[in-house]
Every structure is written in structure tokens, then in C-alpha cells.
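Good morning, and thank you for joining this group meeting. Please take a moment to look at the structure on the screen before I begin.

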Amino acid sequence: MSNIFDFLKSLLQFFKIVLVFCMLMLLLYWTKNLANFDWGWMGFISPLLDCFIGIGNMISSSSLKLFDAVFEYKYMWALVIMIALYYLVHFLHIGAEALEEAYNEGSKVVKRMEEKKFNESLQQEQANEQTAIKKYRIFVSTSVKKKFAHLECNVNLEEQNKLMNKFLMEKLCITPTQYEGGYLYSFSDFNSIDNVLDVFFKLLSSKAPLDYIICVQVCAGNPVAEKEQLKSLIDLKFENKISMMSDTAFRYKFNKSHKYGTSQLGMFQKGNDTVEAHEFIVI
């Protein structure tokens with residue numbers, strides 16, 4: 001369409017130039033006929049000028065004698081017709097520019113509407129993909145707080161772990177499995193993770209003489225990658241935080257309700273890859 005409008009404007013501009021040229025030639029032709037000059041070089045355009053003069057003659061065949069010369073009105077009317085045609089073409093050129101601008105504005109509106117519709121479709125598709133992810137796992141491991149680590153305090157880590165797991169199993173109704181020196185709890189409804197986080201935040205605020213490493217990892221269907229991510233998160237050893245990778249933080253955004261916020265813990269290098277860690281925070 002842009003090429004069509006360019007061609008149309010160029011064609012109209014060409015007609016304007018031709019009409020200006022014809023007006024100049026008509027004035028010379030009129031002078032030639034008044035003075036009876038023999039200008040043979042005007043033969044190439046005489047037929048065209050005679051057509052306009054013939055139309056002018058149909059409007060008025062009168063004449064005026066002035067200074068021993070006969071001024072025929074048909075030449076004047078032929079000139080008026082050319083001027084009228086020039087302005088007609090000029091207004092058509094303006095109309096073509098306005099039409100092009102309207103078309104461009106319309107195209108922008110349509111493009112914005114298509115982009116909006118595409119983005120909405122993409123967002124809906126993304127939302128469907130994310131909400132389809134239901135399963136997730138929470139890893140928890142413990143260590144004795146430094147101020148209780150000396151022998152006089154006599155803190156039994158094994159006994160403390162039993163008390164912790166008893167508390168979690170009573171609240172969550174899930175039995176953990178041992179994993180990477182800690183315990184792994186598996187869940188099947190990520191949409192209700194806030195209820196589970198309530199329990200783990202109570203664990204963090206307890207008076208137990210323990211530091212906790214708590215990691216959350218969604219299960220999106222790639223066990224190898226998810227296991228590697230969880231292992232990387234455990235190795236980062238974020239104590240007394242409920243940490244997660246960016247994919248879990250992203251999945252949390254698609255829950256209908258958000259009792260907790262998320263905050264970035266930082267970017268970390270793992271081999272040739274960069275991992276992004278987040279944590280759940282109370283808001």
C-alpha cells in the first residue's frame with residue numbers, strides 16, 4: 001500500500017508539472033497565432049493545445065480586437081480550463097496524502113489491536129502453562145545455632161530433627177523422605193502453597209536452637225533439571241530463609257492469591273550458567 005500511495009502521488013505530481021508546461025506552451029501558442037509567427041517546433045504539442053482551445057471555443061467563440069490584434073476568448077478559456085485541471089490535480093494530491101495518512105493511522109491502530117490481542121493470547125497461554133504446574137517439593141535441613149553449638153548446651157540435633165518433623169507432619173499430613181542430608185516434603189497443589197508456607201514460617205520463628213535451610217522447587221516435568229536446581233539451591237545454604245529459584249518465583253506470580261511476597265537473593269555463577277535465587281518474604 002505504501003508503494004501504491006507513492007506511485008499515485010508521483011503520478012499526480014507529474015500531471016501538475018505537465019499542466020504547468022501546457023499552460024506555458026498555450027501562452028506561447030497564443031502569442032504565435034496573434035503575431036503570425038512560424039514556429040514549426042511547436043508542432044509536437046499543437047494537437048493537444050488545439051483540443052483545449054476547441055473546448056474553450058465551445059464555451060465562448062467571441063473575440064476582442066485590440067491594438068490591431070484579435071484576442072479570441074477561446075484561448076483564455078483554454079487557459080482557465082488548464083488552471084482548473086491543475087487545482088483539481090493539486091487537491092487530488094492533497095487527498096491522496098490525507099488518505100495515506102489515514103491509512104497509516106488505521107494500520108497503526110489495527111497493528112496495536114493485533115499486538116494487544118497477541119499479547120493477551122500469549123499471556124493466557126503462559127498462564128495456562130504455569131497454572132498446570134501443580135507439584136512442588138520443599139527441602140529442609142537443620143544445623144545447631146552457633147550460640148548453642150558448644151558441648152555445655154548439650155543440643156541433640158537428631159532429637160531436634162525428630163521434633164521438627166513431628167511438627168511438620170502434624171501440620172502438613174505428609175511424611176518426608178531423607179534427601180541430601182535433610183528432608184524432602186512433596187506436595188501436589190501449588191495454588192495452596194501459602195498454607196504450607198505458613199507452617200514453615202512458624203518453624204523459622206520457633207525457639208528451637210536450630211538454623212534452617214528451606215528450599216522450594218516446582219516440578220514442571222523435567223526431573224533432571226529440577227533435581228539439579230534444587231541441589232544448587234541447597235548448596236547456596238541460605239539459612240533461615242525460604243529460598244527458591246526464579247522458575248518457582250515466576251510460578252508463584254500466577255497464583256490467584258499471594259499472602260507472601262518474593263525478593264531476589266542474588267545472581268550466582270554455577271559453572272558456565274548463572275542462576276537467580278529468590279526468597280519468600282512476609283508482607
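I shall discuss one glutamine, then a helix, then some strands, and lastly the aromatic rings. Please keep in mind throughout that this is a predicted model.

Let us begin with glutamine 217, which lies in strand E6, residues 210-218. Is glutamine 217 buried or exposed? Its relative accessible area is 0%, and because buried means under 20%, glutamine 217 counts as buried. Its side chain has a partner: a polar contact of 3.1 Å joins it to the side chain of aspartate 247. Leaving aside neighbours within four places in sequence, the residues in contact with glutamine 217 include Tyr136, Arg137, Met245 and Thr248. Glu226 and Leu230 are also among its contacts, and these two bring us to our next element.

Glu226 and Leu230 are among the buried residues of helix H6, as are Ser232, Leu233 and Ile234. Helix H6 covers residues 223-236, which is 14 residues. How far apart are its end C-alpha atoms? They are 20 Å apart, and this agrees with the span of 20 Å that should follow from 1.5 Å a residue. After H6 comes lysine 237, with a positive phi near 55 degrees.

We now turn to the strands. Strand E9, residues 273-282, pairs with strand E7, residues 241-245, in the antiparallel sense over four bridges. E9 also runs antiparallel to strand E8, residues 260-270, and 10 bridges join E8 and E9. Which residues stand opposite glutamate 279 in E9? Serine 243 stands opposite glutamate 279, and serine 263 stands opposite glutamate 279 as well. Elsewhere in E9, valine 282 has tyrosine 260 opposite. E8 and E9 form a hairpin with two residues between the strands, and here glycine 271 takes a positive phi near 65 degrees.

Finally, the aromatic rings. How many aromatic pairs does the structure hold? There are 13. One of them is formed by phenylalanine 250 and phenylalanine 254, an edge-to-face pair with 5.1 Å centre to centre and 75 degrees between the planes. Phenylalanine 250 is partly exposed, at 30% relative accessibility. Phenylalanine 254, with a relative accessible area of 21%, is likewise partly exposed. Ring pairs also link Tyr136, Phe187 and Phe190 into a cluster. Tyr136 has appeared before in this talk, as a contact of glutamine 217.

Thank you for your attention.

Conventions: Residues are numbered from 1 along each chain as its sequence is written. This is a predicted model: local features need pLDDT of at least 70, side-chain atom pairs count only at pLDDT 80 or more; totals for chains, interfaces and linings use all residues. Side-chain values use heavy atoms; hydrogens and water are left out. Buried means under 20% relative accessible area, exposed over 50%, partly exposed in between (1.4 Å probe, protein chains only). A polar contact is a pair of N or O atoms within 3.5 Å; within protein, one must be able to donate a hydrogen and the other to accept it, and residues adjacent in sequence count only if both atoms are side-chain atoms. Contact means heavy atoms within 4.5 Å. The expected span of a helix is 1.5 Å times one less than its number of residues. Two strands pair if DSSP finds at least two bridges between them. Rings of Phe, Tyr and Trp (its six-membered ring) pair if their centres lie within 6.5 Å; planes under 30 degrees apart count as stacked, over 60 as edge-to-face and the rest as tilted.
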